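Colleague: I have a predicted model open and want to go through it with you. Can we take it point by point?

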Amino acid sequence: MEGEFLSHKGNYRQLRCFQLAEHLYDITFVFCERYIKPGDRTKDQMIQAARSIKQNIAEGSCAANMSTQSEMLLTNVGKSSQQELMLDYEDYIITRGLRKWELGDTRLENVRHNLKIRMSREFMIEKARGWSDETLANVAITLIHQCDRMLAGLLEYQKQQFLRNGGIKEQMTKARLDARRAQGAQRAQSAQIAQIAPTCPKCGKPMLKRMQKNGPQQGREFWGCSDFPNCNGFRPVENQSAQSAQRAQRAQSAQRAQSAQSPQSSQRAQSPQSPQSSQRAQSPQSPQSAQSAQSAQSAQNDNKSQQ
């Protein structure tokens with residue numbers, strides 16, 4: 001809509017990447033509570049990194065109403081926090097002599113398949129409490145990979161939206177210029193109406209020049225009340241009324257001339273042929289011409305017999 005520049009954003013809970021980030025935070029919290037010793041700085045760092053992912057997604061989505069730049073920056077901060085958290089999980093697996101699931105591992109394929117199903121946070125926490133540290137770390141790494149791809153797609157979408165619509169400053173400037181042009185046109189129209197437009201004979205309000213769209217006088221301009229349809233007052237356009245009268249007079253004169261010429265043409269079309277022309281058409285051949293034709297025929301017959 002013209003003049004509207006504040007888009008309705010902030011529905012981050014419907015984003016699939018945010019839902020996966022919530023599961024990642026829950027798994028990380030259970031993992032740190034069960035397998036990281038109290039007082040270890042890694043515990044707080046991992047929990048804060050997991051929290052940073054989902055919080056920055058939410059904050060960036062809400063900040064998009066006023067700043068596309070803030071939206072993209074915060075989304076990228078959440079994406080960067082994932083890499084920090086993944087390194088902590090990989091370090092844990094390597095230093096404890098655990099196994100990292102590779103592509104083709106049945107357990108990895110099962111986790112990837114199950115993550116396609118939308119699960120509640122309570123269900124995920126309950127499942128996580130029964131897993132070993134190796135399983136928790138590998139599930140968390142799988143979640144990070146999936147969420148990372150989704151955030152990369154979200155950043156690309158945000159970039160395309162910025163290229164298409166511009167930032168908030170551009171949208172505000174465009175909306176303000178459009179509003180000023182509309183106000184100027186409205187003031188010019190009001191001034192023009194006040195100068196040349198007559199007042200309505202019914203309500204006294206200024207009138208607008210309109211055009212008849214159908215009927216025998218289609219295309220005729222007239223003054224209509226600006227309060228239509230509340231008031232149906234109208235006035236004819238004076239110059240156009242004179243022109244209409246002249247056109248009507250010319251049409252009448254042309255019709256009279258045509259009606260005066262029509263009896264003469266009909267008489268000519270219906271007049272009979274003259275007696276001389278009819279006699280010429282119906283007169284028989286003369287006797288001399290008939291005899292000469294017979295003599296020529298007999299001569300031809302004699303020539304054939306001699307041959």
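Colleague: Among contacts in the protein chain between residues at least 6 apart in sequence, what percentage join residues at least 24 apart?
Modeller: Keep in mind that this is a predicted model. Take the contacts between residues at least 6 apart in sequence. The share of these that join residues at least 24 apart is 64%.

Colleague: How many helices and how many strands does the protein chain have?
Modeller: Read along the sequence, the pattern is α-α-α-α-α-α-α-β-β-β-α-α-α. The chain therefore has helices on both sides of the strands in that pattern. The totals are ten helices and three strands.

Colleague: Which element has the lowest mean pLDDT?
Modeller: The chain as a whole has a mean pLDDT of 80, and 75% of its residues reach 70 or more. Over residues 277-284 the pLDDT is below 50, with zero contacts beyond near neighbours in sequence. Helix α1 (residues 16-35) has the highest mean, 94. The lowest mean, 48, belongs to helix α9 (residues 275-282).

Colleague: How many contacts beyond four places in sequence does the model have for residues 303-307?
Modeller: The pLDDT stays under 50 over this stretch. Beyond four places in sequence, the number of contacts for residues 303-307 is zero.

Colleague: Which residues touch the most other members of the largest nonpolar core?
Modeller: In soluble globular proteins, nonpolar side chains tend to be buried together. Here the largest nonpolar core holds 40 residues. Helices α1, α2, α3, α4, α5 and α6 each supply at least two of them. The residues that touch the most other members are Leu24, Ile27, Phe31, Ile57, Leu85, Tyr89 and Leu143.

Colleague: Which residues does Leu143 touch, not counting residues up to four places away in sequence?
Modeller: Leu143 is one of the residues that touch the most other members of the largest core. With residues up to four places away set aside, its partners are Leu20, His23, Leu24, Ile27 and Leu115.

Colleague: Is Gln82 buried or exposed?
Modeller: Gln82 is found in helix α3. Gln82 touches Ile53, Ile144, Cys147, Asp148 and Leu151, leaving out residues up to four places away in sequence. Its relative accessible area is 0%, so Gln82 is buried.

Colleague: Which residue forms a salt bridge with Lys43?
Modeller: Lys43 is in helix α2 (residues 41-63), and its partner is in helix α1, ten residues apart. Lys43 is buried, with a relative accessible area of 14%. The partner is partly exposed, at 45%. The N to O distance is 3.5 Å, and the partner is Glu33.

Colleague: Which residues are linked with Arg13 in a network of salt bridges?
Modeller: One pair in the network is Arg13 with Glu22, the closest N and O atoms being 3.9 Å apart. Glu22 counts as buried, because its relative accessibility is 12%. The residues linked with Arg13 are Glu22, Asp26 and Arg121.

Colleague: Does α2 span what it should, or what distance separates its end C-alpha atoms?
Modeller: At 1.5 Å a residue, the 23 residues of α2 should span 33 Å. At the start of α2, a side-chain oxygen of Asp40 reaches to within 3.0 Å of the backbone nitrogen of Thr42. The expected span agrees with the model, where the end C-alpha atoms are 31 Å apart.

Colleague: How far apart in space are Arg99 and Ala137, C-alpha to C-alpha?
Modeller: Arg99 lies in the loop between α3 and α4. Arg99 is exposed, with a relative accessible area of 53%. Its contacts beyond four places in sequence are Ile93, Asp105, Arg107, Glu134 and Asn138. Arg99 and Ala137 are 38 residues apart in sequence, yet their distance in space is 9.8 Å.

Colleague: Is Asp105 buried or exposed?
Modeller: Asp105 forms a salt bridge with Arg107, with 3.3 Å between the closest N and O atoms. Arg107 is partly exposed, at 34%. Asp105 has a relative accessible area of 13%, so Asp105 is buried.

Colleague: Is the peptide bond from Phe228 to Pro229 cis or trans?
Modeller: Most peptide bonds are trans. Pro229 is in the loop between β2 (221-225) and β3 (234-236). For the bond from Phe228 to Pro229, omega is near 10°, and the bond is cis.

Notes
Residues are numbered from 1 along each chain as its sequence is written. Side-chain values use heavy atoms; hydrogens and water are left out. pLDDT is the predictor's confidence in each residue, from 0 to 100. Helices (H or I, at least four residues) and strands (E, at least two) are DSSP runs, numbered from the N terminus. Contact means heavy atoms within 4.5 Å. A salt bridge is a side-chain nitrogen of Lys or Arg within 4 Å of a carboxyl oxygen of Asp or Glu. Buried means under 20% relative accessible area, exposed over 50%, partly exposed in between (1.4 Å probe, protein chains only). A nonpolar core is a set of buried Ala, Val, Leu, Ile, Met, Phe, Trp, Tyr and Cys residues joined through side-chain atoms within 4.5 Å. The expected span of a helix is 1.5 Å times one less than its number of residues. A polar contact is a pair of N or O atoms within 3.5 Å; within protein, one must be able to donate a hydrogen and the other to accept it, and residues adjacent in sequence count only if both atoms are side-chain atoms.
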